[in-house]
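Student: I would like a close look at one helix and what surrounds it. Please take me through it in one connected account.

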Amino acid sequence: MEDRIINTSNGLPETNSSPQADSSVLKVWGGRSLEGHVTISGAKNSALVLMAGALLCSGDCRIRNVPLLADVSRMGEVLSALGMRLSRSGNIIDINASEITTSKAPYELVTQLRASFFAIGPLLARLGEAQMPLPGGCAIGARPVDLHVRGLQAMGAEVQIEHGICNARVTDGSRRLKGAKIYLDLPSVGATETLMMAATLADGETIIENAAREPEVVDLANFCISMGAKIEGAGTSKIVINGVPKLHSTDYNVIPDRIEAGTFLLAGAITRSDLILSPVMPEHLMPVIAKLEEIGVPVIEEQPNSLRIKPAQILKATDIDTMPHPGFPTDMQAPFMSLLAVAEGDSIINETVFENRLRHASELNRLGADIRVKGNSAFVRGVSELSGAPVEGTDLRAAAAMVVAALAASGETTIKGLNYLDRGYDRLDLKLQKIGAKIERLEDTEADALASKAESSSETTNGTASISN
């Protein structure tokens, strides 16, 4: 049964998030084959920004296929603090932003969730002012907001950052942002989404050049279009937005989570299993599917929204360079490293998106992997087998990498860092249980008690054996 606690401040259920998850561990008994169907949840990175995008609408928004995640609850808390009304039933969230009572987001919430900073664009568009603390999230490298700031300034906002707070206001008497031509130095997903949302209610045409092309950007554009926004070019490097005075209510479905789907593909590959995944959008997974097929793992598109992964005869080494979409996604780098750790031969992984995203390599080495890190590159020499050990997820995708590796490791693996895992995966352990994984979530004290019992049992057995001999 899922652990759901109703948060009375925003009406959204919470998951096993911090601090509860800080005291929890996953126990995984590896070496088992998996089989069956996995239901893929809605995309975390879409759901969060769509919730922020609901600020643009002065009526009701219904967002469907929202995953049950700690980050979704945190985003709900941020929006509630701004005066919005939220309620959730299953995977449906209803949001009403007819009244925004403040333009100041709470520091203690925004600093826990990077995606909440994206609300600065809709706030400026609706109110003409916003105060947003600088964002937090996983410590995987520098993710500055300078691209957001420069874009908003180009649209007529006065922006100052003081004492960790980004203060922005529209200086024009109309308190309405102006259309502008914006070139992004990097195809930042966050900056693209922030500026696209701000431009939907701006006066005139906004052109974003070198825009991010990720599926989540397209999903946000389609969400805004469903509310009456005029947006063209989402999914390409040039997005054109013609501002409108007002957006209307909508009922919208979040796209499937390509990173969750990719993680289950890797779980199937590393355990040599036969799995079916749906709903998925195969075109969103092409870089991952291409690499899986390159190393010898068959992936079949059984239906337009369904993928099947078959057991591989041999796993062959390959090289990976992470890139912005449509390149290989940085969010899949850590779980894919787990698979390459047991592939035949030497692989090289170059992390080009974030400069601090290889810390999971040392944790995989605890499981018997042979990985050497130099700078932003990991050199992986495949081993014949991984073995269970205590490990910790150092960020969201690193935690997923530990789970993928543990599924293949012989013996028992204990995984800490579930506060990260629960931020991005909707009941991952329960979904794995349904397809045959032996995995259990325990409080840390329970895990220690089991370990002591096992150790005591081992000592008794050894003692009896020595007497009988």
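Tutor: Two rings of Phe, Tyr or Trp (its six-membered ring) form a pair if their centres lie within 6.5 Å, and planes over 60 degrees apart make the pair edge-to-face. The model is predicted, and a search of the whole structure finds two aromatic pairs. One of them joins phenylalanine 223 and tyrosine 252: the ring centres are 5.5 Å apart and the planes stand at 70°, so this pair is edge-to-face. Phenylalanine 223 belongs to helix H7 and tyrosine 252 to strand S15 (residues 250-253), so the pair ties together parts that are 29 residues apart in sequence. Both phenylalanine 223 and tyrosine 252 are buried.

Helix H7 is the part to look at closely. H7 covers residues 215-226. With 12 residues at 1.5 Å a residue, H7 should span 16 Å, and its end C-alpha atoms are indeed 16 Å apart, so expectation and model agree. The buried residues of H7 are Pro215, Glu216, Val217, Asp219, Leu220, Ala221, Phe223 and Cys224. Just after the helix, glycine 228 adopts a positive phi of about 105°.

Among the buried residues of H7, aspartate 219 carries a charge. Aspartate 219 has no salt bridge although it is buried; arginine 258, the nearest side chain of opposite charge, is 10.0 Å away. A salt bridge requires a side-chain nitrogen of Lys or Arg within 4 Å of a carboxyl oxygen, so arginine 258 does not qualify. Beyond its neighbours within four places in sequence, aspartate 219 is in contact with Ser46, Leu50, Tyr252, Asn253, Val254 and Ile255. Tyr252 in that list is also the ring partner of phenylalanine 223.

The other aromatic pair gives a point of reference. Phenylalanine 328 and phenylalanine 336 have ring centres 5.5 Å apart and planes at 85°, so they too are edge-to-face. Phenylalanine 328 is buried, with a relative accessible area of 5%, and phenylalanine 336 is buried at 0% relative accessibility. Phenylalanine 336 is one of the buried residues of H10. Eight of the eight residues of helix H10 (residues 333-340) are buried, so this helix is largely enclosed by the rest of the structure.

Aromatic rings also meet charged groups elsewhere in the model. The charged end of arginine 372 sits over the ring of phenylalanine 379, at 4.8 Å from the ring centre. Lysine 438 lies over the face of tryptophan 29, 5.0 Å from the centre of that ring.

Key. Residues are numbered from 1 along each chain as its sequence is written. This is a predicted model: local features need pLDDT of at least 70, side-chain atom pairs count only at pLDDT 80 or more; totals for chains, interfaces and linings use all residues. Side-chain values use heavy atoms; hydrogens and water are left out. Helices (H or I, at least four residues) and strands (E, at least two) are DSSP runs, numbered from the N terminus. Buried means under 20% relative accessible area, exposed over 50%, partly exposed in between (1.4 Å probe, protein chains only). Contact means heavy atoms within 4.5 Å. Rings of Phe, Tyr and Trp (its six-membered ring) pair if their centres lie within 6.5 Å; planes under 30 degrees apart count as stacked, over 60 as edge-to-face and the rest as tilted. A charge sits over a ring if NZ of Lys or CZ of Arg is within 6 Å of the ring centre and within 35 degrees of the ring normal. The expected span of a helix is 1.5 Å times one less than its number of residues.
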